[in-house]
Amino acid sequence: MSESSRTNRRVFLVVLDSFGIGSEPDWPDFDDEPSNTLCACATSGYLDIPNLTRLGLLNIDGALESPYDVDLAPVAHPEGAFARLREKSAGKDTTVGHWEMAGVISPKRFPTYPNGFPPEVIEEFERQTGRGVLCNRPYSGTEVIKAYGEEQLKTGDLIVYTSADSVFQIAAHEDLVPVEQLYEYCRIARKILTGDHGVARVIARPFVGTDASNFKRTPRRHDFSLEPTGTTMLDQLKEHGYDVLSVGKIYDIFAHRGMTDYVFTSGNPEGIDKTIERTARDFHGLCFTNLVDTDMVYGHRNDAVGYARAISYFDSKLPELLAGLREDDLLMISADHGCDPVTPSTDHSREYVPWVIAGPRVKAGTNLGTRPTFADISATILDYLSAPALGVGTSHLDEILEA
């Protein structure tokens with residue numbers, strides 16, 4: 001291929017947040033049940049994914065091995081390349097999953113707080129914000145505002161809660177605490193939560209409503225992540241003059257590092273539309289999209305029907321995304337962890353994730369098998385764009401491209 005065609009190359013990487021495809025061998029170490037988010041969605045009767053199936057999603061090794069009896073089958077002649085990726089990092093959350101696919105392995109688990117945050121954290125947070133704290137224990141995000149929202153409106157105290165993930169979440173009513181003020185409280189918490197208490201994310205959770213019967217969270221959630229602990233694919237591309245476009249919460253996950261352009265979204269439909277719009281842009285580099293609804297709206301609420309419909313909606317828009325690809329473009333579809341909506345748990349699940357690759361130059365039916373790290377994604381993207389390698393993961397460029 002000529003050097004001029006290399007400079008026109010673009011990669012579109014779409015993360016279907018939490019769309020796992022089966023338990024990894026070490027799932028008991030993460031307090032999981034046997035899981036398969038893909039197959040769990042199929043049990044709902046609402047999963048309709050002809051385009052993902054055509055590309056080879058169901059041909060991925062082990063993707064249909066699950067505790068569930070489902071009516072799914074691979075195709076004889078898949079049109080894309082595909083693989084099953086195992087997470088090498090010690091985690092099963094958004095941050096470590098995205099960091100790993102971008103080339104940063106996290107060998108140590110981020111701290112979690114099953115009994116709430118210790119006094120030294122809460123007292124310092126209260127001192128610096130001038131507000132008291134309610135709750136301070138693991139809680140469902142929708143249930144915590146029902147339980148504490150009315151008290152928050154009366155007292156002005158902030159609702160602080162966590163989950164099985166490494167998160168410090170702050171909920172406040174928008175009429176009482178303006179969103180920008182809530183973001184400032186999160187920045188305060190982010191500065192406090194370092195070292196041994198360095199949680200992966202501090203999350204602003206604004207809500208509205210008049211009482212517990214109608215409180216609801218708003219789309220103005222905002223994440224304040226730790227800085228990646230090493231050089232990411234995004235850093236590498238930006239440093240060497242490539243375009244890096246972010247759609248959705250990618251900008252927050254990477255602590256605002258390594259991007260040349262970003263846009264926030266209100267949910268999956270807007271995220272999909274913004275990604276399709278970017279296929280019409282002239283750029284050289286990466287467009288990195290996170291579609292969060294599958295995890296935040298459906299996975300954590302054990303809503304298999306909603307999850308299946310969200311994946312099916314993405315599938316229905318996939319032809320538009322593929323139609324926008326140019327001759328030298330690649331589309332990659334993956335996930336960052338699992339969140340099986342059928343198991344009793346509402347937490348993330350330690351699962352393999354899919355890696356489906358499509359584009360005019362992709363060798364149809366290429367099965368890359370099971371790979372030992374999500375970082376093969378970044379290694380392949382950097383190789384394709386002729387950017388310097390990070391030395392993490394393996395590039396599969398020669399295997400997936402037509403000669």
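Which residues are linked with Arg-350 in a network of salt bridges? In this predicted model, the network joins Glu-24, Asp-26, Arg-86, Glu-87 and Arg-350. A search of the whole structure finds 23 salt bridges.

One of these pairs Asp-223 with Arg-201, with an N to O distance of 3.0 Å. Asp-223 lies in strand E8 and Arg-201 in strand E6 (residues 201-208), so the salt bridge ties together parts that are 22 residues apart in sequence. Both Asp-223 and Arg-201 are buried.

A salt bridge also forms between the side chains of Arg-257 and Glu-227, again with 3.0 Å from N to O. This pair links distant parts of the chain, 30 residues apart. Arg-257 sits in the loop between helix H9 (250-253) and strand E10 (261-263). Glu-227 sits in the loop between E8 and helix H8 (233-239). Arg-257 counts as partly exposed, at 21% relative accessibility. Glu-227 is also partly exposed, at 47%.

Arg-281 forms a salt bridge with Asp-261, and their closest N and O atoms are 3.5 Å apart. Arg-281 belongs to the loop between helix H10 (268-278) and strand E11 (285-291), while Asp-261 belongs to strand E10. The two are 20 residues apart. Arg-281 is partly exposed, with a relative accessible area of 32%. Asp-261 is partly exposed at 25%.

Thr-218 occupies the loop between strand E7 (216-217) and strand E8 (222-225). Its relative accessibility is 12%, so Thr-218 counts as buried. The Thr-218 side chain makes a polar contact with the side chain of Glu-174, at 2.8 Å. Beyond residues up to four places away in sequence, Thr-218 touches Glu-174, Pro-206, Phe-207 and Val-208.

Definitions and conventions. Residues numbered from 1 in each chain as written. Predicted model: local features only at pLDDT ≥ 70, side-chain atom pairs only at ≥ 80, totals over all residues. Heavy atoms only, no water. Helix = DSSP H or I, 4+ residues; strand = E, 2+ residues; numbered from the N terminus. Buried < 20%, exposed > 50% of the residue type's maximum accessible area, 1.4 Å probe, protein only. Polar contact = N/O pair within 3.5 Å; in protein donor to acceptor, adjacent residues only side chain to side chain. Contact = heavy atoms within 4.5 Å. Salt bridge = Lys/Arg side-chain N within 4 Å of Asp/Glu carboxyl O.
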